Amino acid sequence: MDDAAAPDSGDAILARLAQLRAADLPVHGGRTMAYVYDSGLGGLDDLAARAQAAFAGVNGLDMTAFPSVVTLENDVVRQAARLLGGGPATAGTFTSGGTESCLLAVLTAREHARRTRGVDAPEIVLPRTAHAAFHKAAALFGLTPVTVPVDPGTFRVRPQDVAAAVTARTALVVASAPSYAHGVVDPVQEVAAAAAERDVLCHVDACIGGWYLGHRRLAAGIAAPPPFDLSVPGVSSLSVDLHKYGYTPKGASVLLFRDAELRRHGWFAHASWPGYPVVNATLQGTKSAGPLAAAWAVLQHVGTGGYVELARRVHEATAQLVDGIADIDGLRVLGEPDASLVAVAADDPGTDPFVVADEMRLRGWYLQPQPAHAGSPANLHLTVTAAVADPARIAELLAELAAAVPRARALGPATVDPGVAEVAAALDPAAIGPAEVALALEVAGVGADGTLPQRMAPVLAVLQALPAPLTERLLPEVVSRLYAG
Ligand SMILES: Cc1ncc(COP(=O)(O)O)c(C=O)c1O
C-alpha cells in the first residue's frame, strides 16, 4: 500500500483481497474437513452476506438504541431453545462463537457459585476431552481445572469419575455433546445427575454438534442421539454454535440457560463512571449486529425442514465414511462417533497419520492432525459437513485415503531424535529464554519468520514428543514470528 499514490479503485482492492485468499484453504467444495462449514446450498452465502452488510454498522452495545437487535436475538435464541429442549423459562444470549459461549458459561457459573454458595476458590470439573475453551476460561477467570480421564475405548467420561471429582468448591461440571476430538457424546444424563446431587451447575458443550444432532433427531428413521440437551434434568446451560452446523457466517453462537435468573450472573453492569451506563451480556462492548442478522436470515431461509434434510445427508455420509475407513488396511476409527466428526488413527506403527495428512493435503484435502494425548493416539480429525455429504464425494475421499496409506508407509513415519526429546523433556518452559526457544523451533523445522514446511509430519512429531507445557511455551513464539512487530 502506498499512502501517497491515488486511491485504488474498489475493484483493485477486492482483487487484492481475492489474491490473498488464494493461499488459504478453500471454504467451499467439501475438501477442507475442519474449520469450515459449507451447506452446499446455492444462494445461501449471498443472502447471508447481504444481511450481514445491512447490519454491519448496527451496534448491539445499546439494545435500547437499536431495538432490531433485541428482536433478532430473541428470535434466534427462541429457535435454539425450541430445538434443544428448552421450556418457557429458558433464556439465552447470542455470542460471537463457541469460545465466547463457553467463557460466559464458566463466568456465569463462577459468579453463581460465589453469590449463592460463597465459593471463593472455584473449581471446574472437565473431562479430558472437553474443549480447550474451558481451560482458557479457567485461566482467564481464576478457576482451577479438575481434569477427569475418559474411558480409553469409548473416549466418553465416566459418571463415577465426575462424581468423585466434585467438591464443595466446584462451580461447574462440563459434558460434551459431542466432543471435538472424537465426536462422541458424554453420558449427559448421569453427569448432570452427579452435578445436581451436589447442587452444582452442569454445562453441555453442544457447540459443534448441537444444531446437527437436534435436527437429526427430527429425521424419521434415524436412531436418536443419546439425550444431551436442556430437557435432561440437571443441565443448567448449553452452548450451540450457529456458525458450525447452522451454516451461518462466522461469529454466531447461542448460550442457553435454564432461566434468566441464572443468566444474569454472567452479565456486567457499570454505572460508576462519567460515561454511558453499561450493561454487557457478552465479553464484547461494541458488537456488530452483522453476524446476528446473517444468522437470523440463514435460519429463516433454511428452516427446520431444510436443516433436517442437511442433517440426514450428513448422517448418511458419516456412516459411509466410518464403514469405508474400516475397510482400509492401516486405518481405524477411534471410538464410535455419535455425530459427524470422525477421528482416524493408524492401525500399525508403519503408518503415520500425519504423513497420511500430508499426502492428502498435496492432493487438495485438508484433514486436521490431532497429536497423541493421554490415551488418544495420533489421529486425523474429519468434520463431515453438508458439502462433503455426497456419496460420490465420500467415495472419492475414501479412495484418496486408501491410496495415501501405502504412500505414507513407503515414506515411513516422521521420527524425532531421542536425544532431542530427552533434552526437551529436561527443559523448564518457564525458565527458557530466546536462545533456547530459537533452537527448539529450529529443531521442529519452523522458519525464522514463522513459516512452516509444506510437509507438517516432522513438525508435528516434534511437538507431540515435547511435554505439553513446553509446546504451550513454543506455540505463541511460532505465531508471534508470523506477525509484524
Ligand atoms: C465442542 C466445541 N466447543 C467449543 C468450540 C469452540 O468454538 P469456536 O471455535 O467457535 O470458538 C468448538 C470448536 O470447534 C468445539 O468443537
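User: What makes a contact between two side chains a salt bridge, and which side chains meet in one with Glu359?

Analyst: A salt bridge is a side-chain nitrogen of Lys or Arg within 4 Å of a carboxyl oxygen of Asp or Glu. In this predicted model, the side chains of Arg407 and Glu359 are 2.6 Å apart, N to O, and because the cut-off is 4 Å, the pair counts as a salt bridge. Arg407 belongs to helix H12 and Glu359 to helix H11 (residues 353-362), so that the pair, 48 residues apart, links distant parts of the chain.

User: Why is Glu359 called buried or exposed?

Analyst: Glu359 has a relative accessible area of 4%, and because buried means under 20%, Glu359 is called buried.

User: How do you know whether its partner Arg407 is buried, partly exposed or exposed?

Analyst: Arg407 has 25% relative accessibility, which lies between the limits of 20% and 50%, and therefore Arg407 counts as partly exposed.

User: Why is the contact of Arg31 and Glu396 said to tie parts of the chain together?

Analyst: The side chains of Arg31 and Glu396 meet in a salt bridge at 2.6 Å, N to O. Arg31 lies in the loop between helix H1 (10-21) and helix H2 (44-55), while Glu396 is in helix H12 (residues 391-411), so the pair ties together parts that are 365 residues apart in sequence.

User: What makes Glu396 partly exposed?

Analyst: Its relative accessibility is 30%, and because partly exposed covers values between 20% and 50%, Glu396 falls in that class.

Terms used. Residues numbered from 1 in each chain as written. Predicted model: local features only at pLDDT ≥ 70, side-chain atom pairs only at ≥ 80, totals over all residues. Heavy atoms only, no water. Helix = DSSP H or I, 4+ residues; strand = E, 2+ residues; numbered from the N terminus. Buried < 20%, exposed > 50% of the residue type's maximum accessible area, 1.4 Å probe, protein only.
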